[in-house]
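Let's take a walk through this fold together. Have the sequence and the 3D view side by side as you read.

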Amino acid sequence: MIRSLLFVLTLGALALSSLHASAQHVRAGIIGLDTSHVVAFTKTLNTTPQKPEVMGVHLVAAYPQGSKDIPSSTQRVPEYTEKLKGMGVEIVSSIHDLLDKVDVVFLESNDGRVHLEQVLPCLEAHKPVFIDKPIAGSLVDAIKIFDASKKAGIPVFSSSSLRFGKGTQAVRGGSIGTIKQASTRSPASLEEHHPDLFWYGIHGVESLFTVMGTGCKSVKRGTVMEEVTNVDKATKKETKETVSRITVTGTWEGGRTGTFTESKGYGGKAIGEKGEADIGTYDGYDPLLYSIVHFFRTGVMPVTPEETLEIYAFMEAADESKRRGGAEVTLKEVMDKALAEARK
């Protein structure tokens, strides 16, 4: 069922002519100014001289509204709005005003729940879109986004920056052969309106899928205990405590296994036919940005809808496993349920 969603998109006529007519001058816009990603991307794109990897692409306009009710997001909007103004970005009052001024869109709203309603006018206006993590607030909405993209003939893609870590990409490219087993770790802070791993655990899960590929059949969720050291800022005194961490193990075709574990930092290891390698490191935002720019120029998605939907099915299945006390849950079960709801 998941594989049936793999498709090849071509740029719509308006987007294609716009981008090809001025291949060295692409006007980019941002929706949502409630994540630090917007500052990082704008610094790279709007700094003179530009890096060769992003030459000709500039952020020219932004619509500030991201989340409407998550304080950690809404409180950032004024600060990031002022920072983008200082880098020459025009602030507009609506998504439609933005679309009149740009060729391509960074959908950066931190809240995945608003992504579906925000991406639809972009697709109607024939603007290719990069959707920052999480792609949506549910697997159902993720399916609806890709369905709308396919119907409009306008490509979209979504990814965590962790996918493009140098070591992770080397393993994906075959540096240690076929991967038999992999484990990744990342922070996994929770947000009550999203499935547990959507909000931040996506980073480690994305790294895991980058090296394992598609074909995950089932997951089991549990917890592991970890001893952590806390330092009092005033007294510098150290104390230790034992905390519970999320862990999710997936079983892939052929009996291969991949495990994500919540942690304070980023990292992991892959075991392949030709040896072992470190994976899952955070190498900054630029590698992701370079991939986004290439996507905007070519219309070629660096991550397929099939893979992205399987990643989110993995995380939805992890929540279902939690509800069932750690029982094994198949991705087919959660995907079939989400497809039925999305396509009523």
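**Sheet, helices and a few odd spots**

Start at one small spot in the sheet: Val219 has Val329 of strand E13 as its bridge partner. This pair belongs to the antiparallel pairing of E8 with E13, which runs over two bridges. Keep in mind that what you are looking at is a predicted model.

Now zoom out to the whole chain. It has 13 helices and 13 strands. Its C-alpha atoms fill a box of roughly 55 × 50 × 40 Å along the principal axes. Is that what you'd expect from a compact globule? For 344 residues, such a globule would have a radius of gyration near 20 Å, and the chain has 20 Å, so the two agree.

Back to the sheet. In which order do its seven strands sit? Going across, you pass E12-E11-E7-E10-E9-E8-E13; the sheet is open and its pairing is mixed. At the edges are strand E12 (275-278) and strand E13 (329-330), each of which pairs on one side only. As a reminder, strands of a sheet pair through backbone hydrogen bonds, either parallel or antiparallel.

Next, follow E8 into E9. These strands pair in the antiparallel sense over 15 bridges, and one place to find the pairing is Glu227, which stands opposite Thr242 in E9. Together E8 and E9 make a hairpin with six residues between them. Look in the turn for Lys236, whose phi is positive at about 65°.

On to the next neighbour in the sheet order. Strand E9 (residues 238-252) pairs with strand E10 (residues 257-262), again in the antiparallel sense, over five bridges. Here you can pick out Thr247, standing opposite Thr261 in E10.

With the sheet in view, bring in a helix. H10 lies across strand E7 (179-186), strand E8 (216-231), E9 and E10, and runs at about 165° to E7. What angle does H10 make with H12? Helix H10 (residues 202-212) packs against helix H12 (residues 305-323) at about 125°, and their axes are 10 Å apart. An angle over 145° would count as roughly antiparallel and 65 to 115 as roughly perpendicular, so H10 is oblique to H12. The crossing of the two helices is right-handed.

Which residues do the touching? From H10 come Ile202, Val205, Glu206, Leu208, Phe209 and Thr210, while H12 supplies Glu307, Glu310, Ile311, Tyr312, Phe314 and Met315. Sorted by character, the residues of this H10 and H12 contact are eight nonpolar, one polar and three charged.

Finally, a few backbone spots to check by eye. Most residues other than glycine have a negative phi, and most peptide bonds are trans. Where do the cis bonds turn up? One joins Thr48 and Pro49, with omega about 0°; Pro49 lies in the loop between helix H2 (37-45) and strand E2 (57-63). Another cis peptide bond joins Lys133 and Pro134, with omega about -10°, and Pro134 lies in the loop between strand E5 (129-132) and helix H7 (139-152).

His126 is worth a stop too: its phi is near 65°, a positive value in a residue other than glycine. You'll find His126 in the loop between helix H6 (115-124) and E5.

Technical notes:
Residues are numbered from 1 along each chain as its sequence is written. This is a predicted model: local features need pLDDT of at least 70, side-chain atom pairs count only at pLDDT 80 or more; totals for chains, interfaces and linings use all residues. Side-chain values use heavy atoms; hydrogens and water are left out. Axes are lines fitted to C-alpha atoms, for helices over the stretch in contact, and angles run from 0 to 180 degrees between N-to-C directions. Helices (H or I, at least four residues) and strands (E, at least two) are DSSP runs, numbered from the N terminus. Angles under 35 degrees count as roughly parallel, over 145 as roughly antiparallel, 65 to 115 as roughly perpendicular and the rest as oblique. A crossing is left-handed if the near helix is turned anticlockwise from the far one by less than a right angle, and right-handed if clockwise. Contact means heavy atoms within 4.5 Å. Ala, Val, Leu, Ile, Met, Phe, Trp, Tyr, Cys and Pro count as nonpolar, Asp, Glu, Lys and Arg as charged, and the others, Gly among them, as polar. Two strands pair if DSSP finds at least two bridges between them. The radius of gyration is taken over C-alpha atoms; the globule rule is 2.2 Å times the number of residues to the power 0.38.
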